[in-house]
Amino acid sequence: MRIAFAGNPNSGKTTMYNALTGRSEKVGNWGGVTVGSKEYKLKKEFAGDKEVIAVDLPGAYSMSPFTPEEGITSEYVRTANPDAIVNIVDATNLSRSLFFTTQLLELGIPVVVALNKTDINEKEGTKIDAEKLSQKLGCPVFKTVSTENKGLSEMIAKAISLAGTIQTAPYLQADINLHDKAAVDAEDRKRYSFVNDIVAEVETRKVKSAESTTADKIDAALTFPIVGILVFAAVMFGVFWISQTWLGPLVADWLVGWIETFQGWVAGQLENSPAILSALLADGIVGGVGAVVGFLPLVMVMYFLIALLEDCGYMARVSAVMDPIFKRVGLSGKSVIPVVIGTGCGIPAIMACRTIRDERERRATSMLTTFIPCGAKIPVIALFAGAFFSGAGWVSTLCYFFGLVLIFLGALLIKAITGYKYRKSFFIMELPKWKAPSLKFAFKSMMERAKAYIVKAATIILICNTVVQIMQTFDWHFHVVEEGAENTSILASIASPFAILLIPLGFGVWQLAAAAITGFIAKENVVGTLAVVYGLTAFIDTEELAMTGGANTVAMTMGLTSVTALAYLFFNLYTPPCFAAIGAMNSEMKSKGWLWGAIGLQLCTGYTVAFLINQFGTLFTEGHFAAGFVPGLIAEACMVAAVILIGKRVRSHFDEQYELHRKVVKEGAAA
Amino acid sequence: MLAQFTLKRRGSAVASEVDTEAVESAGKRTLLSAEPGKTYIVKEINTDDDEMNSFLFRLGCYVGEPITLVSKKKKSCIVVIKDGRYNLDNLLSEAIII
Amino acid sequence: MNAATVIAVIAIAAILFFAARYLYKEKKKGNHCVGCPYAGSCTKHNNTGGCS
């Protein structure tokens, strides 16, 4: 049996879906979070003996699709023939929500209305007569609070019992020609007046919506250009500081202490065994994976804080205040959402770009969103911050801030290449009511992410580390490599050619090249590989927090200065993301041209940023350019030339198109 | 490249100036000139974009319905449409005649 | 070949085996993004959620 959950965006569908199925789908207090339909079985306590599958659909305002998400909903409801529909209605906005409800009721499938967010109504003194509403609509109406599991069991029981019956509609759209816009409009208006009448009869409000409240004053301040952005910067700085400088490392130190002890123990046990075993198990597996897992606390805290931010409704305000800025670079405020999601993981961020209507904006956003460091890059940042900059908080903030700068620059570049087409791009964003973020939910979300992180570490990263360890221990004849002759190992010989390309960037060493390459499988691998290749684990030192002993050994072993370390860090952060994310980009771009353009852009960006930092940083600190300046310069020149060429080609192509268009318009005008 | 930008920018700026002037002289006010705290009735919606029109409609923003301006900023504003609060950019505000 | 060595070899083999098997099973299930927290709700490989 299938029950579809449909309703307006941000009405509480996904929260209810999670409550009923026990899943933890992504919830955010702004529309556009659910991007596809999801199916899962209802929990036993709700379904009883029957097997009931719940389908969570993206939010829609009506059956005529305006955005892809609405398209999914209306298509599903029309074609998949669910046995029943649960229409989740935001009780705080009955007049808007019922439009969709009346359309659903016309389908003939039994509908149960879940009047959600009634707790907010209680607080504000808004009363809705559910009985009367049920009479008027001709379907059962239940008051629910999905965040507190109130009213859910009764509602679902009713829905299940109604399955298979036929729904009579209280209002039927007249038979009109659906292609006649005027007729459709007229019908829609009639429907709205029907809805308005119902609302007038069943709803009594204490606080008129149009009245200005304290929340409005806060919103006005938060969306005020300068103040709002500063507040956002401060908030994000707070998030990064707490997760990567204070609380995160605090817990991580303790964890790493245990991992080190364990590693020491394993090594001790294998003292009398062949050295490769010790290398493989103690250094490769325990050491490599341990290095990555050691950063788990940082990632967890960050995810927790971001979940809180998303849940309270702040993100919609951020999107609104960033819109003017984003507009200047050819994007819009809608692009803010993927960027913020990107601080967690780049793949859902790229997926979230679907809510952007304008095609060029959408593609631009999806290729730029990975410049914001994702959760997997946090270990890399933390590693270098700790080893080279005494764990200073400004390092990670700089990485995110710089990522944002790169997004802007990248957007400008894309705008320049594709040519600015004057297109009216409207921005409208619903500002949901502020709500106290659910700590329980944030905690649950954090644990889910933690589990995923560990799973990834125990599988992909583990295998990668093992392979790397083997490749660096043996040479091509499968003899164990001698001490001091590491560059005869398999790994060295593969990575060395790439290392040469990286000389102008300051880290033309095969070990670092190898680490960067493994980063494409998973960014955490950079840390893992470095741990394996340099035989290090103690990236976050327990006693040596002052980083006198621990960090300097790390620094010396890697042979990097502060300048080159920064260059290497930025290189890894701003190059193309892991393969999984590239795959996501591929399915979003739907065009090989754009995909390769994206990868090219990202490669060039990472290379250029590292090049500039290395060369000018060395110039600044040592008074001369670093090695490989000229070759690097030539490479940069080639990149610039390529960009200009592509730009010219794309633009002339567009001119052709535009010319044709103009001809058509002229003909149309003449006709 | 740069010249092209400034040209386009000037172009769009001129376009919107003309629009507002023409509209205002025809006796119509757009949401841009609304006062915060006041409620108006929507008289017309000129977005040139059918989908946008439909979308606004679904939200409850159509001819004959009240819309309240809550706050106004240089490039955007916050309005109340049928119990929901929305942030609109100026392009959109311009297209709503009150 | 002392006890520690034997255990170590078995341990390594076991760990790698289970890791590889887990990945294989996930691929079979259709889970393309291993370890990704959004694996369930992502529309990348969601057949029913086809967007234009």
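The legends below describe close-up views of a predicted model.

**Figure 1. Salt bridge between D90(A) and K117(A)**. The side chains of these two residues meet with a nitrogen-to-oxygen distance of 3.8 Å. D90(A) belongs to strand β4 (residues 84-90) of chain A, while K117(A) sits in the loop between β5 (111-116) and α5 (118-124) of chain A, so the salt bridge ties together parts that are 27 residues apart in sequence. D90(A) and K117(A) are both buried. This pair belongs to a structure in which a search over all chains finds twelve salt bridges.

**Figure 2. Backbone of K117(A) in the loop between β5 and α5 of chain A**. K117(A) is not a glycine, yet its phi is positive, at about 65°. The relative accessible area of K117(A) is 19%, and the cut-off for a buried residue is under 20%, so K117(A) counts as buried. The side chain of K117(A) is the one that meets D90(A) in a salt bridge.

**Figure 3. Salt bridge between R317(A) and D219(A)**. The closest N and O atoms of the pair are 2.7 Å apart. R317(A) lies in helix α13 (residues 314-328) of chain A and D219(A) in helix α9 (residues 214-222) of chain A, so that distant parts of the chain, 98 residues apart, are linked. R317(A) is buried, with a relative accessible area of 2%. D219(A) is likewise buried, at 2% relative accessibility.

**Figure 4. Salt-bridge network of K132(A), K136(A) and E201(A)**. The view shows these three residues of chain A, which salt bridges link into a network.

**Figure 5. Salt bridge between K82(B) and E65(B)**. The N to O distance between the two side chains is 3.2 Å. K82(B) is placed in the loop between β4 (76-81) and β5 (84-89) of chain B, and E65(B) in the loop between α2 (50-59) and β3 (66-72) of chain B; the pair therefore ties together parts that are 17 residues apart in sequence. K82(B) counts as buried at 12% relative accessibility. For E65(B) the relative accessibility is 13%, and this residue also counts as buried.

**Figure 6. Buried residues of helix α2(B) and the residue that follows the helix**. The buried residues of α2(B) are M52(B), F55(B), L56(B), F57(B), R58(B) and L59(B). An α-helix has 3.6 residues a turn, so residues three or four places apart point the same way. Just after α2(B) comes G60(B), where phi is positive at about 110°.

**Figure 7. Packing of helices α11(A) and α19(A)**. Helix α11 (residues 275-293) of chain A packs against helix α19 (residues 439-473) of chain A at an angle of about 140°, and their axes are 9 Å apart. At this angle α11(A) is oblique to α19(A). The two helices cross in a right-handed sense. On the side of α11(A), the contact is made by I276(A), A279(A), L280(A), D283(A), G284(A), I285(A), G288(A), V289(A), V292(A) and V293(A). On the side of α19(A), the residues making the contact are Y453(A), A457(A), I461(A), L462(A), N465(A), T466(A), Q469(A), I470(A) and T473(A).

**Figure 8. Surroundings of S366(A) in helix α16 of chain A**. Helix α16 covers residues 359-368, and S366(A) is part of this helix. S366(A) counts as buried at 1% relative accessibility. When neighbours within four places in sequence are left aside, S366(A) is in contact with I350(A), C353(A), M585(A) and M589(A). The C-alpha atoms of S366(A) and G346(A) are 9.2 Å apart in space, and the two residues are 20 residues apart in sequence.

**Figure 9. K590(A) in the loop between α25 and α26 of chain A**. The loop joins α25 (579-589) and α26 (592-622). K590(A) is a residue other than glycine with a positive phi, near 55°. At 49% relative accessibility, K590(A) counts as partly exposed.

**Figure 10. Chain C**. Chain C contains one helix and zero strands. The chain has 52 residues, of which 37% count as buried. The accessible surface of chain C is about 3,200 Å², and carbon and sulfur atoms account for 65% of this surface.

Key:
Residues are numbered from 1 along each chain as its sequence is written. Chains are lettered from A and ligands numbered from 1 in the order in which they are written. This is a predicted model: local features need pLDDT of at least 70, side-chain atom pairs count only at pLDDT 80 or more; totals for chains, interfaces and linings use all residues. Side-chain values use heavy atoms; hydrogens and water are left out. A salt bridge is a side-chain nitrogen of Lys or Arg within 4 Å of a carboxyl oxygen of Asp or Glu. Helices (H or I, at least four residues) and strands (E, at least two) are DSSP runs, numbered from the N terminus. Buried means under 20% relative accessible area, exposed over 50%, partly exposed in between (1.4 Å probe, protein chains only). Accessible areas come from the Shrake-Rupley method with a 1.4 Å probe; for residues, only the protein chains shown count as cover. Axes are lines fitted to C-alpha atoms, for helices over the stretch in contact, and angles run from 0 to 180 degrees between N-to-C directions. Angles under 35 degrees count as roughly parallel, over 145 as roughly antiparallel, 65 to 115 as roughly perpendicular and the rest as oblique. A crossing is left-handed if the near helix is turned anticlockwise from the far one by less than a right angle, and right-handed if clockwise. Contact means heavy atoms within 4.5 Å.
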